[in-house]
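Please work through the exercises below with the sequence and the coordinates open side by side, and try each task before reading its solution.

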Amino acid sequence: MVDQRRLFDIIDIHMRMHSCVMPPDLYKLLYQGVFGPSHLLDEPGHAESVLKKEWAALPKTQNEFLIEPVSIDKTIVRVNLFPAKLAGIDIDKLWAALYRSAHTIKGSAEQFEAVLDGTLQICRNRRLFHSGSLRQYFRQARKDNYPPRHHSEAYRKMNKPAYRVVTADSIEKLIHLN
């Protein structure tokens, strides 16, 4: 059973912070909160290269927090890259934190299903999304064996996301090193 209040808090935070949150974006948030960045381990060299290219070309963004919680227990977070760069976080140390996080976070399909079911209840009760379209999106993800997904095109256009998912303690250590 998922703590509905804490799950709602995570969903609410992201709905207020970001424009155009659609089913793929909500799914991605929930996925990250259970599985973290583990899918990056499929091609770690490529993931590191993409991070470093993105870091070098970061556009200035406004009103972005350094850290956004993504897991119900707040042990997994998104680190927004531009504020991280402004804070003087070293890119190689960020990559190491990301890599360690991918090895540390051990989510399960059962956990994820509980989070998805809890989200459907919250969205139905609070009328956050059309529950039929969200249920259909989650059902298809289940058939596909819960793959990682990309943000929706609308979300990418409006929010220009540039972040990485890590454990909260790994980013706190980096912040305290600066």
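The exercises that follow treat a helix, the nonpolar cores, the cysteines, the aromatic pairs and one loop residue.

The model is predicted, so that local features need pLDDT of at least 70 and side-chain atom pairs count only at pLDDT 80 or more, while totals for chains, interfaces and linings use all residues. Residues are numbered from 1 along each chain as its sequence is written, and side-chain values use heavy atoms, with hydrogens and water left out.

**Exercise 1.** Compare the expected span of helix H1 with the distance between its end C-alpha atoms, and state which residues of H1 are buried.

Solution. Helices (H or I, at least four residues) and strands (E, at least two) are DSSP runs, numbered from the N terminus. The expected span of a helix is 1.5 Å times one less than its number of residues; for the 14 residues of H1, at positions 4-17, this should give 20 Å, and the end C-alpha atoms are indeed 20 Å apart, which agrees. Next, take buried as under 20% relative accessible area, exposed as over 50% and partly exposed as in between, with a 1.4 Å probe and protein chains only. The buried residues of H1 are then Leu7, Phe8, Ile10, Ile11, Ile13 and His14, and what covers them includes helices H2 (23-35) and H6 (109-126) together with strands S1 (67-69) and S2 (76-80).

**Exercise 2.** Describe the largest nonpolar core and find which element supplies its largest share.

Solution. A nonpolar core is a set of buried Ala, Val, Leu, Ile, Met, Phe, Trp, Tyr and Cys residues joined through side-chain atoms within 4.5 Å. The largest has 31 residues, and those with the most contacts inside it are Leu26, Tyr27, Leu30, Phe112 and Phe138. At least two residues of this core come from each of H1, H2, H6, helix H7 (131-143) and strand S3 (163-167), and the largest share, seven residues, is that of H2. Apart from this core lies another, of 20 residues, including Leu81, Leu94, Trp95 and Ala168.

**Exercise 3.** Explain why Cys20 forms no disulfide with Cys123.

Solution. A disulfide is a pair of cysteine sulfur atoms within 2.5 Å. The closest cysteine sulfur to that of Cys20 belongs to Cys123 and is 16 Å away, which is too far for a bond; by this rule the count comes to zero disulfides. Cys20 is partly exposed, at a relative accessible area of 36%, whereas Cys123 is buried, at 1%.

**Exercise 4.** Classify the ring pairs Tyr31 with Phe35 and Trp95 with Tyr99.

Solution. Rings of Phe, Tyr and Trp (its six-membered ring) pair if their centres lie within 6.5 Å, and planes under 30 degrees apart count as stacked, over 60 as edge-to-face and the rest as tilted. The structure holds nine such aromatic pairs. For Tyr31 and Phe35 the centres are 4.8 Å apart and the planes at 40 degrees, so this pair is tilted; for Trp95 and Tyr99 the centres are 5.9 Å apart and the planes at 40 degrees, so that pair is tilted. Tyr31 and Phe35 lie four residues apart in helix H2, about one turn of the helix.

**Exercise 5.** Locate His150 and list its contacts beyond its neighbours within four places in sequence.

Solution. His150 sits in the loop between H7 and helix H8 (153-159), and at 66% relative accessibility it counts as exposed. With contact meaning heavy atoms within 4.5 Å, and leaving aside neighbours within four places in sequence, His150 is in contact with Pro24, Lys28 and Arg156. The C-alpha atoms of His150 and Lys28 are separated by 6.9 Å, although the two residues are 122 residues apart along the chain.
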